[in-house]
Amino acid sequence: MNLNNKNKGNIGEAIATNWLVHKNYTILHNNWRYKQTEVDIIATQNNCLHFVEVKTRTNTKFGLPEESITTAKMNALKRAASAYLEANPQWKKIQFDVIAITLKQQTATEIFLIEDVYF
């Protein structure tokens, strides 16, 4: 079955959410929106707020999933995080994370967490 990008992204985000829950994160929001930017997952663990970008691919023909994150996307994510923090000022510690997922027949063959991404 050939997945379109939206379906692939939805499957990847569901896998990432379940993976984070299994790793003792508390999920606050999935697909939280600020203007035109969507934050895939906002979660907490150990009093830290995590803004998580999920990238999913079915092959590496065009590179690894995490290689598709652009500077523009990360800048938009920063703006969205600022808006979220303005509405939720109790969070003092935050970080940006990336979860890269490789799928084969709608099953994750690899889940790779990149923590505390600096951009």
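Two strands are said to pair if DSSP finds at least two bridges between them. The exercises below apply this to a predicted model.

**Exercise 1. Describe the two hairpins that involve strand β2, and state how many residues lie between the strands in each.**

Step 1. Begin with β1 and β2. Strand β1 covers residues 26–34, and strand β2 covers residues 37–45. Their pairing is antiparallel and extends over seven bridges. Among the bridge partners, Y34 is matched with T37 of β2, and H29 is matched with I42 of β2.

Step 2. Examine the turn. Two residues separate β1 from β2 in this hairpin, and K35 in the turn has a positive phi of about 55°.

Step 3. Turn to β2 and β3. These strands also pair in the antiparallel sense, over five bridges. Q45 has C48 of β3 as its bridge partner.

Step 4. Examine the second turn. The hairpin of β2 and β3 has two residues between its strands, and N46 in the turn shows a positive phi of about 50°.

**Exercise 2. Determine the strand order of the sheet and identify which strands stand at its edges.**

Step 1. Establish the order. The open sheet consists of five strands arranged as β1-β2-β3-β4-β5, with mixed pairing.

Step 2. Find the edges. β1 and β5 (107–114) each have a single partner strand, so one side of each has no neighbour in the sheet.

Step 3. Add the geometry. With direction ignored, neighbouring strands of this sheet are turned by 30° against each other on average.

Step 4. Place the helix. α2 lies across β1, β2, β3 and β4 (94–104), and runs at about 110° to β1.

Step 5. Consider the covering of β2. Eight of the nine residues of β2 are buried, and the strand is thus described as mostly covered.

**Exercise 3. State how many salt bridges the whole structure contains, and which residues are joined into one network.**

Step 1. Count. The search of the whole structure yields three salt bridges.

Step 2. Take the pair R33 and E38. Their closest N and O atoms are 3.3 Å apart. R33 is partly exposed at 47% relative accessibility, and E38 is partly exposed at 23%.

Step 3. Take the pairs that involve E53. K55 forms a salt bridge with E53, with closest N and O atoms 3.5 Å apart. K73 forms a salt bridge with E53 as well, at 3.6 Å between the closest N and O atoms. The latter pair connects helix α2 (residues 71–87), which holds K73, with strand β3 (residues 48–57), which holds E53, so it ties together parts that are 20 residues apart in sequence.

Step 4. Join the pairs. E53, K55 and K73 belong to one network, formed by salt bridges that share partners.

Step 5. Compare accessibility with the cut-off. Residues under 20% relative accessible area count as buried. E53, at 2%, is therefore buried, whereas K55 is partly exposed at 21% and K73 is likewise partly exposed at 21%.

**Exercise 4. Is D40 buried or exposed, and which side chain of opposite charge is nearest to D40?**

Step 1. Locate the residue. D40 is found in strand β2.

Step 2. Assess its setting. D40 is buried and has no salt bridge; K73 is the nearest side chain of opposite charge, 5.5 Å away.

Step 3. Apply the cut-off. A salt bridge requires the nitrogen and the carboxyl oxygen to be within 4 Å, so a separation of 5.5 Å does not qualify.

Step 4. Look for a polar neighbour. A polar atom of the D40 side chain lies 2.8 Å from the backbone nitrogen of V54.

Step 5. List the contacts. Neighbours within four places in sequence being left aside, D40 is in contact with E13, H29, N30, N31, V52, E53 and V54.

**Exercise 5. Where do N24 and N46 lie, and what sign does phi have in each?**

Step 1. Consider N24. The loop between α1 (5–22) and β1 contains N24. Its phi is near 70°, a positive value in a residue other than glycine. N24 is exposed, with a relative accessible area of 62%.

Step 2. Consider N46. The loop between β2 and β3 contains N46. N46 is not a glycine, yet its phi is positive, at about 50°. N46 is exposed, with a relative accessible area of 67%.

Notes:
Residues are numbered from 1 along each chain as its sequence is written. This is a predicted model: local features need pLDDT of at least 70, side-chain atom pairs count only at pLDDT 80 or more; totals for chains, interfaces and linings use all residues. Side-chain values use heavy atoms; hydrogens and water are left out. Buried means under 20% relative accessible area, exposed over 50%, partly exposed in between (1.4 Å probe, protein chains only). Helices (H or I, at least four residues) and strands (E, at least two) are DSSP runs, numbered from the N terminus. Lys and Arg count as positive and Asp and Glu as negative; His and the chain ends are not counted. A polar contact is a pair of N or O atoms within 3.5 Å; within protein, one must be able to donate a hydrogen and the other to accept it, and residues adjacent in sequence count only if both atoms are side-chain atoms. Contact means heavy atoms within 4.5 Å. Axes are lines fitted to C-alpha atoms, for helices over the stretch in contact, and angles run from 0 to 180 degrees between N-to-C directions.
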